[in-house]
Amino acid sequence: MTTTADKGIYGGLSARLKAGRATGWGVFHPGSRAMILGGLMLIVSAFLPWVYLPFMEQVTGETYALRGTDGPGVITLAVGFLAFAGAFVPRRRLAIAHAIIPGLLVAAIVLLQAWNILAFSAQADAWGGLLPGMGLVLAGGGAVVLIKSAWNMYRTWMPA
């Protein structure tokens, strides 16, 4: 019996995840859903604005933004694909490594970027001169999802 959830582009994926619970996980594992979500969040965040420069509007007449691909978002893009691929690795330690390494690395990048925004604003005495963008927030969220997924897999997925 097929349901409406089994149709469409992602319907097969959803059906395989559901079937994995009943018959064993196949290529999927307990952290697959969170790793797919976290990996996609990192991949998408690389193409979004990470830092807005509103003071440039006075110079150029339009708001300027630095995208993730202009700086550390390239690393975020690469490790996002690593996390996404880890969702299809049914080995416990390898899957946990695929979640924790991108999660911690991107969390460090996001914290460093936030620190840079605060430090520039304090040095220039221009609070609001740099503002965090959607990409930075999305990358931080993806890092949290991946770290939480790694922790859940470590606690609940017992070695065979």
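These questions and answers go through a predicted model and the cut-offs behind the words used for it.

Local features need pLDDT of at least 70 and side-chain atom pairs count only at pLDDT 80 or more, while totals for chains, interfaces and linings use all residues. Residues are numbered from 1 along each chain as its sequence is written, and side-chain values use heavy atoms, with hydrogens and water left out.

Q: How many helices and strands are in the chain, and what makes a stretch count as one?
A: The chain has six helices and three strands. Each is a DSSP run, numbered from the N terminus: H or I over at least four residues for a helix, E over at least two for a strand. Along the sequence the pattern reads α-α-β-α-β-α-α-β-α.

Q: Why is Ser32 called buried?
A: Buried means under 20% relative accessible area, exposed means over 50%, and partly exposed lies in between (1.4 Å probe, protein chains only). Ser32 has 0%, so it is buried. Ser32 belongs to helix 2, residues 32-45. Other buried residues of helix 2 include Met35, Gly38 and Leu42.

Q: What makes the pair Ser32 and Ala87 a polar contact?
A: A polar contact is a pair of N or O atoms within 3.5 Å; within protein, one must be able to donate a hydrogen and the other to accept it, and residues adjacent in sequence count only if both atoms are side-chain atoms. A polar atom of the Ser32 side chain is 2.7 Å from the backbone oxygen of Ala87.

Q: How do you know that the length of helix 2 agrees with its number of residues?
A: The expected span is 1.5 Å times one less than the number of residues. Helix 2 has 14 residues and should therefore span 20 Å; its end C-alpha atoms are 20 Å apart, which agrees. For helix 4, also with 14 residues, the expected span is 20 Å and the end C-alpha atoms are 20 Å apart, so the two values agree.

Q: Which residues have the most contacts inside the largest nonpolar core, and what makes a set of residues such a core?
A: A nonpolar core is a set of buried Ala, Val, Leu, Ile, Met, Phe, Trp, Tyr and Cys residues joined through side-chain atoms within 4.5 Å. The largest has 24 residues, and Met35, Trp50, Val51, Val106 and Met153 have the most contacts inside it. Helix 5 gives the most to this core, with seven residues.

Q: What is Val106 in contact with, leaving aside its neighbours within four places in sequence?
A: Contact means heavy atoms within 4.5 Å. On that basis Val106 is in contact with Leu42, Thr76, Val79, Ala139 and Ala143.

Q: Why does Ile109 count as buried although its value is not 0%?
A: Ile109 has 11% relative accessibility, so it counts as buried. Ile109 is in helix 5. Leaving aside neighbours within four places in sequence, its contacts are Trp50, Pro72, Ile75 and Thr76.

Q: What makes the pair Asp70 and Arg67 a salt bridge?
A: A salt bridge needs a side-chain nitrogen of Lys or Arg within 4 Å of a carboxyl oxygen of Asp or Glu. For Asp70 and Arg67 the N to O distance is 3.7 Å. The structure holds one salt bridge.

Q: Why are Asp70 and Arg67 called partly exposed?
A: Asp70 is at 46% relative accessibility and therefore counts as partly exposed. Arg67 has a relative accessible area of 41%, so Arg67 is partly exposed too.
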